[in-house]
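Colleague: I am new to reading protein models, and I would like to go through one slowly with you. Could we begin with how a chain is divided into parts, and then move on to what holds the parts against each other?

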Amino acid sequence: MTIHPHPNPLPSREREKAYIEEFKLAEMIATREAYGETLARLGEINKDIVVLDADLSGSTKTAIFAKKFPERFFNMGVAEQDMMGTAAGLAVAGKIPFASTFAIFATGRAWEQVRQSIAYPKANVKIVASHAGITVGEDGASHQSVEDIAVMRVIPEMTVIVPADGIETRKVIEEMVRYKGPVYVRVSRGKSPVIFDDSYSFEIGKGTVLREGTGVAIIACGIMVSKAMEAADILGKEGLSARVINISTIKPIDKDLIIKAARETCAIVTAEEHSVIGGLGSAVAEVLSENYPVPMKRVGIEDKFGTSGDADRLMEIYGLTPENIAKAAREVIKRK
Amino acid sequence: MTEAAQLKEIARNLRIDILRMLHKAKSGHTGGSLSCIDILTTLYFSKMRYRIDDPAWPDRDRFILSKGHAAPALYAVLARIGYCSNEDLMTLRQAGSKLQGHPDCKAIAGIEVSTGSLGQGLSMANGISLALKLDKKQSRVYCLLGDGECQEGQVWEAAMTAAHYRLDNLCAIVDNNGLQIDGAVKDVKGIEPLPEKWKAFGWNVITADGHDFDSLLSAFGKAEEVKAQPTMIVARTVKGKGVSVFEGKAKYHGVPPSDEELAVALKELGANIK
């Protein structure tokens, strides 16, 4: 992968610091909110950024950009396929389009447009989809994407990123402006704890060890990263040492970090708010089975659709809890 | 010679190139390449501004072949301009060729976007038109669709977008040859009344004879004068136009000329047979 130098400047270090402080003080922030605010800030500095939405700008938070830069915001109405094609055209003509809607519509309804009009010609389009996973909550299965990572990951040339918190989201969006090529970024509706601090530096394809450990490695993405940290606490109290790894770039995945974890802990658990088929768990299994097979277990949605309900309650129903991750860890440790 | 007569002569030669490359490739889309070549000829050799030595010239006019299966027509034009070579034409659809079965913008300078999956070109043309307007460029964007392609829902999403954003730098053309793979468009799934449909979607609509250069030149000229509205030229065409054995036959949608058919075609087109 080549990182192209970008001629457009990014915010000054001071401004960035002040902004990160705001996020840290918030303690809990939805990654979609971090996306919307970051986009609006970057829009001031980089005039090539244009934003498209499909009648969900209030929910995806692109409305913040729209309010500041109405001439560079294009509401495409309820027409996701057309939105992806229009974004491709804008990119071909030199703009840096961010196209946003709910994850299920961005990756499901418009999958073929993403493949044909964006990925195949390697158009510089940033698809940032919100309301991924079951934490959409009350809207139910029709709006809960549990397949998006899988269907984006399979497309050649596509980079797939799932930020873990507001700060990582901000760093990811900045990197998206710099990087030339198609990217899918998955953000969430609900608030989640802030994990990173200002010192964190995001690099495409690089995972982060958030906590050292030797008995098992828990590899997580998105809102499951903080759950993985809690799981490590539970395991710690039982005398089990768990490493926690944030893999925000699902593709291209950080093979070295995963293989190192497998070699050093000999037991792997993955955790994601996505189907266990085709997502982070599958990507990690692909790396392990071809390079360093060790006992592993995937925590995720077990080949089921979502359902309506309070987001926290749904996380319990679908087993996306620290307790369930800890249970999976105990199992793989036994299988060593 | 009048401009129309000059264009007619260019189109005659391009038809010969199309048939030779399809015959060599032993696969590809004959009917739709021949039905749209007069439209491409008018655009590339009369209307459009571009630089032969600089395909990426920022002020160029853009052409999007939304009906990507008519790639041989586009390749013949690009070879005549010099964006690819005549030798390249004879590699159509072969492994390692720049001339993919459907246009690949990464392979040849002068191809603006990759197409082939029907229904997607107009959205991309809209995106380019929006960007050109943001940049205050005078360039125009042309997008050619098939009539069967108008069965794709995305075409009508894009139709609404172009009208909503008043893209008067955009001119789309429907190659209205009335035939698609499975037969007549009216039998497969009717799309008429086409001009009225586009009108209802907020477009300035012009009907033209897609094989009459005066008619096409006049239509493109009128399109340039329209403000605050995109223009759709419904070009009535004949599938396989120019060669008696292919004309008006759905069968030749995706069938290349046989040895015998090529011989007949080259004779009818007055080609020098080597």
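Modeller: A domain, as we shall use the word, is a stretch of chain whose bounds come from an automatic or database domain assignment. Please keep in mind that what you see is a predicted model. In this model, chain A is divided into domain 1, residues 13-193, and domain 2, residues 208-334.

Colleague: How many ångströms separate the centres of domain 1 and domain 2 of chain A?

Modeller: Taken over C-alpha atoms, the centres of the two domains of chain A are 25 Å apart. The two parts also touch, with 31 residues of domain 1 of chain A in contact with 35 residues of domain 2 of chain A. Between them these domains bury about 2,400 Å², and 57% of that area is on carbon and sulfur atoms. On the side of domain 1 of chain A, Ile134(A), Val146(A) and Arg153(A) supply 30% of the area buried against domain 2, which is more than any other three residues.

Colleague: Which side chains meet in a salt bridge there, and how should I think about such a pair?

Modeller: The general idea is that side chains of opposite charge can pair when their charged atoms come close. Across the interface of domain 1 and domain 2 of chain A, the rule finds one salt bridge. Its partners are Arg153(A) and Glu286(A), at 2.9 Å from N to O. If we count polar contacts instead, there are 22 residue pairs between the two domains, with both residues at pLDDT 80 or more.

Colleague: Which elements supply at least two residues of the side of domain 1 of chain A that touches domain 2?

Modeller: They are helix H8 (148-153), strand E6 (159-161) and strand E8 (191-193) of chain A. H8(A) gives the largest share of that side, namely four residues. Sorted by character, the residues of this side of domain 1 divide into 15 nonpolar, eight polar and eight charged.

Colleague: Can we read the contact between the two chains in the same way, and how many residues does each chain bring to it?

Modeller: Chain B brings 23 residues to the contact and chain A brings 25. The two chains bury about 2,000 Å² between them, with 58% of it on carbon and sulfur atoms. Within the area that chain B buries against chain A, 25% is supplied by Gln120(B), Leu134(B) and Glu157(B), more than by any other three residues.

Colleague: How many salt bridges does the rule find across the interface of chain B and chain A?

Modeller: It finds one, formed by Asp135(B) with Lys95(A), whose closest N and O atoms are 2.6 Å apart. There are also 11 residue pairs in polar contact between the chains, both residues being at pLDDT 80 or more. On the side of chain B that touches chain A, the elements giving two or more residues are helix H5 (121-134) and helix H6 (153-164) of chain B. H5(B) provides the largest share, eight residues. That side of chain B is made up of nine nonpolar, nine polar and five charged residues.

Colleague: Why are Glu175(A) and Arg178(A) separated by about one helical turn?

Modeller: They are three residues apart in helix H9 (residues 166-178) of chain A, so about one helical turn lies between them. Their side chains meet in a salt bridge at 2.5 Å, N to O. Over all chains, the count by this rule comes to 27 salt bridges.

Colleague: Where is a cis peptide bond found in chain A?

Modeller: The peptide bond from Lys251(A) to Pro252(A) is cis, with omega near 0 degrees. Pro252(A) is in the loop between strand E12 (249-251) and helix H11 (255-265) of chain A. In chain B, a cis peptide bond joins Glu192(B) and Pro193(B), with omega about 5 degrees. Pro193(B) lies in the loop between helix H7 (185-189) and helix H8 (194-200) of chain B.

Colleague: Over which residues of chain A does pLDDT stay under 50?

Modeller: Where pLDDT is low, the predicted coordinates should not be read in detail. In chain A, this value stays under 50 over residues 1-9. For the whole of chain A the mean pLDDT is 94, and 93% of its residues reach 70 or more.

Key. Residues numbered from 1 in each chain as written. Chains lettered and ligands numbered in written order. Heavy atoms only, no water. Contact = heavy atoms within 4.5 Å. Buried area = accessible area lost by both parts, 1.4 Å probe. Salt bridge = Lys/Arg side-chain N within 4 Å of Asp/Glu carboxyl O. Polar contact = N/O pair within 3.5 Å; in protein donor to acceptor, adjacent residues only side chain to side chain. Nonpolar A, V, L, I, M, F, W, Y, C, P; charged D, E, K, R; others polar. pLDDT = per-residue confidence, 0-100.
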